[in-house]
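Okay, thanks for coming, everyone. I'd like to talk through a few cysteines and aromatic rings today, so let me put the structure up.

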Amino acid sequence: AVGVRMSASDTPPEWVDLSNQPHPDGIPLSALPPCLLDAVVTNTRLSSADCLTHLTQLETLVCRTNFIKDPSPIAVLTTLRSLDLYENAIESPHSLCGALPNLTSLDLSFNCIRALDPPLHGFPALKELYLVNNKLSSCDGIEQLTTLRVLELGSNRLRSIGTSLQPLAPSLQELWLGRNKITTIQNLDHLSRLTNLSFQSNRITEIGTGLASLSQLRELSLSENGITRIEGLGNLRHLTLLDLAMNFIASLEGVEELEALEELWLNRNKIADFAELERLQHLSHLNTIYLEHNPIAEHVQYRNLVVLALPSLSQLDATPVQRSQNPMLSG
């Protein structure tokens, strides 16, 4: 159904939603009122954005799951603040460079972008850039986007982290690099304002010292790698969530210094000794831990022994801790 918001005086609509209504020729999109502020045209089989160029007051355009290859017609929509072109056929976003001075969020995920060289530029207000599931083999081309706070590069073809992210240091707070082919944590030293960092599902076997300067990190994901030892986290004094699930870790040595830690994900590792939990006993903020699918989880008293060892826990795996209903714990 078409969604249109009307004002009390029945003035022209401020937004329209034409999702899931095939309009490959752009009709009735070309007849939309030019005063629209928000337009959603997801899954309308559009192959061209020409039918949208008259919407010169648009602030938000959601054009997901279409067949647009050339985004250049959108360059005339200079009032845009948010542009979502998720799942189209775009090979290059460079035709938008310098044209959208007010844009704060740009989603180009699930397209066909192989490279960002020459560097993206001319986005003075851009704070969020999403490039999930393209064909990028390098971060090169992002270095001039110095206002970015969120950068999502998951599910690409990255094998390493070059130096092109370093100019983003003044503003970058969230960096998502999951599902690539990265083997080494490196070249992050300048990104001292990062609060969220994900290397989920890469090819990392050693944490090393590459995180040492990221003292403001709040959340860190290193799940689904080949890590055998926890190391290099001593400076992460503000870390509240650490995800190391699906690795090959047998010891909790290296977690002791994370005094702000609230959530620890270690499911599907190699922890076999309940004595390892003693390393966590002074972490007074730790309220959630995942240890299922470790050798210790096979013990008949697994839950009781973990909760006894870690009295601050309110959740073990996916289940809340119920001390009052268990005589072994409530006494």
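Let me start with a question: is Y290 buried or exposed? Y290 counts as buried, with a relative accessibility of 10%. I'll come back to its partner in a minute.

Before that, a word on what you're looking at. This is a predicted model. The mean pLDDT of the protein is 94, and 93% of the residues get to 70 or more. The part to watch is residues 4–9, where pLDDT is below 50; that stretch does have nine contacts in the model beyond near neighbours in sequence. Still, where pLDDT is low, you shouldn't read the predicted coordinates in detail.

Now, cysteines. How many disulfides turn up when you search the whole structure? Zero. So why doesn't C63 bond with C51? The closest cysteine sulfur to the one in C63 is that of C51, and at 7.8 Å it's too far for a bond; the cut-off for a disulfide is 2.5 Å between the sulfurs. C63 is buried, by the way, at a relative accessible area of 0%. Then there's C112: its closest cysteine sulfur is in C63, 15 Å off, so again too far for a bond. C112 itself is partly exposed, at 28% relative accessible area.

On to the rings. Searching the whole structure gives two aromatic pairs. One of them is Y86 with F110: the ring centres are 4.9 Å apart and the planes sit at 40 degrees, so we call this pair tilted. Y86 is in the loop between β5 and β6, while F110 is in the loop between β6 and β7, so to speak a link between distant parts of the chain, 24 residues apart. F110 is partly exposed, at 31% relative accessibility.

The other pair brings us back to Y290. Here W265 and Y290 are stacked, with 3.9 Å from centre to centre and 10 degrees between the planes. This pair also links distant parts of the chain: W265 belongs to strand β13, residues 263–265, and Y290 to strand β14, residues 288–290, with the two positions 25 residues apart in numbering. And while Y290 is buried, W265 counts as partly exposed, at 27% relative accessibility.

One last thing, back at Y86. What sits over the ring of Y86? That's the charged end of R64, 4.0 Å from the ring centre. So Y86 has F110 as its aromatic partner and R64 over its ring.

Notes. Residues are numbered from 1 along each chain as its sequence is written. This is a predicted model: local features need pLDDT of at least 70, side-chain atom pairs count only at pLDDT 80 or more; totals for chains, interfaces and linings use all residues. Side-chain values use heavy atoms; hydrogens and water are left out. pLDDT is the predictor's confidence in each residue, from 0 to 100. Contact means heavy atoms within 4.5 Å. Buried means under 20% relative accessible area, exposed over 50%, partly exposed in between (1.4 Å probe, protein chains only). Rings of Phe, Tyr and Trp (its six-membered ring) pair if their centres lie within 6.5 Å; planes under 30 degrees apart count as stacked, over 60 as edge-to-face and the rest as tilted. Helices (H or I, at least four residues) and strands (E, at least two) are DSSP runs, numbered from the N terminus. A charge sits over a ring if NZ of Lys or CZ of Arg is within 6 Å of the ring centre and within 35 degrees of the ring normal.
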